[in-house]
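Grab a pencil and open the viewer. Here are a few exercises to work through, each with a solution right below it.

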Amino acid sequence: MTDRATEDGKESIDLLAADAWARASDEAASGNPRAARFWFDRVLRLAPDDPRPRLELARLLLASDAASAFDLFRDIASG
């Protein structure tokens, strides 16, 4: 794979992650935590090294799934 093809692939993933982030934020703001969780999970799969979606998902889960939120906060703190 050429450097340009690698860059294009990274740009495509970045665009998908940005779209998923926007959808997650919109769903969270609309009071739809199930859909927001779906989209934040997608962002995490697309951008696993970015801690921001993990933090937002943990914050979202505090209201409904404290154990999962705790696990995410622990992961964020450790690394």
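**Exercise 1: H2 against H3**

H2 and H3 come out roughly antiparallel to each other, since an angle over 145 degrees counts as such. This is a predicted model, by the way. Your task: find the angle and the axis distance behind that call, then work out which residues make the contact.

*Solution.* Start with the geometry: the two helices, H2 and H3, pack at about 160°, and their axes are 9 Å apart. Next, the handedness: H2 crosses H3 in a left-handed way. Now list who touches whom. From H2 you should have Pro33, Ala36, Arg37, Phe40, Asp41, Val43 and Leu44, and from H3 Pro53, Arg54, Glu56, Leu57, Leu60 and Leu61. Sorting the H2–H3 contact by class gives nine nonpolar, no polar and four charged residues.

**Exercise 2: H3 against H4**

At what angle do the axes of H3 and H4 cross, and which residues meet there?

*Solution.* Take H3 as residues 51-61 and H4 as residues 66-78; their axes come within 8 Å and cross at roughly 155°. That angle makes H3 roughly antiparallel to H4. The crossing of H3 and H4 is left-handed. On the H3 side, pick out Arg54, Leu55, Leu57, Ala58, Arg59 and Leu61; they meet Ala66, Ser68, Ala69, Leu72, Phe73, Asp75 and Ile76 in H4. By class, the H3–H4 contact has nine nonpolar, one polar and three charged residues.

**Exercise 3: Follow Arg54**

Which residues does Arg54 touch, once you skip those up to four places away in sequence?

*Solution.* First place Arg54: helix H3. Then read off its partners, which are Leu44, Pro48, Leu72, Asp75 and Ile76. Pick Ile76 for a distance check: this residue and Arg54 are 22 residues apart in sequence, with 7.4 Å between their C-alpha atoms. Arg54 also shows up in both helix contacts, facing H2 and facing H4.

**Exercise 4: Map the core**

How many residues are in the largest nonpolar core, and which have the most contacts inside it?

*Solution.* Count 13 residues, with Phe40, Leu57, Leu60, Leu61 and Leu72 having the most contacts inside the core. Now ask where the core residues come from: H1 (3-29), H2 (33-46), H3 and H4 each supply at least two. H2 gives the most, with five residues. For a local look, take Leu60 and leave aside neighbours within four places in sequence: Leu60 is in contact with Ala28, Pro33, Ala36, Arg37 and Phe40.

**Exercise 5: Val43, buried or exposed?**

Decide, then find the partners of Val43.

*Solution.* Val43 sits in helix H2. Its relative accessibility is 3%, so Val43 counts as buried, the cut-off being under 20%. Leaving out residues up to four places away, Val43 touches Ala17, Ala20, Trp21 and Pro53. For one more distance, try Arg23: 20 residues along the chain from Val43, with 9.9 Å between the C-alpha atoms.

**Exercise 6: Zoom out**

What pattern does the protein follow along the sequence, and what share of its residues is buried?

*Solution.* Tally the elements and you get four helices and zero strands. Reading along the sequence gives α-α-α-α. Of the 79 residues, 23% are buried. Last, take the contacts between residues at least 6 apart in sequence: 26% of them join residues at least 24 apart.

Notes: Residues are numbered from 1 along each chain as its sequence is written. This is a predicted model: local features need pLDDT of at least 70, side-chain atom pairs count only at pLDDT 80 or more; totals for chains, interfaces and linings use all residues. Side-chain values use heavy atoms; hydrogens and water are left out. Axes are lines fitted to C-alpha atoms, for helices over the stretch in contact, and angles run from 0 to 180 degrees between N-to-C directions. Angles under 35 degrees count as roughly parallel, over 145 as roughly antiparallel, 65 to 115 as roughly perpendicular and the rest as oblique. A crossing is left-handed if the near helix is turned anticlockwise from the far one by less than a right angle, and right-handed if clockwise. Contact means heavy atoms within 4.5 Å. Ala, Val, Leu, Ile, Met, Phe, Trp, Tyr, Cys and Pro count as nonpolar, Asp, Glu, Lys and Arg as charged, and the others, Gly among them, as polar. A nonpolar core is a set of buried Ala, Val, Leu, Ile, Met, Phe, Trp, Tyr and Cys residues joined through side-chain atoms within 4.5 Å. Buried means under 20% relative accessible area, exposed over 50%, partly exposed in between (1.4 Å probe, protein chains only).
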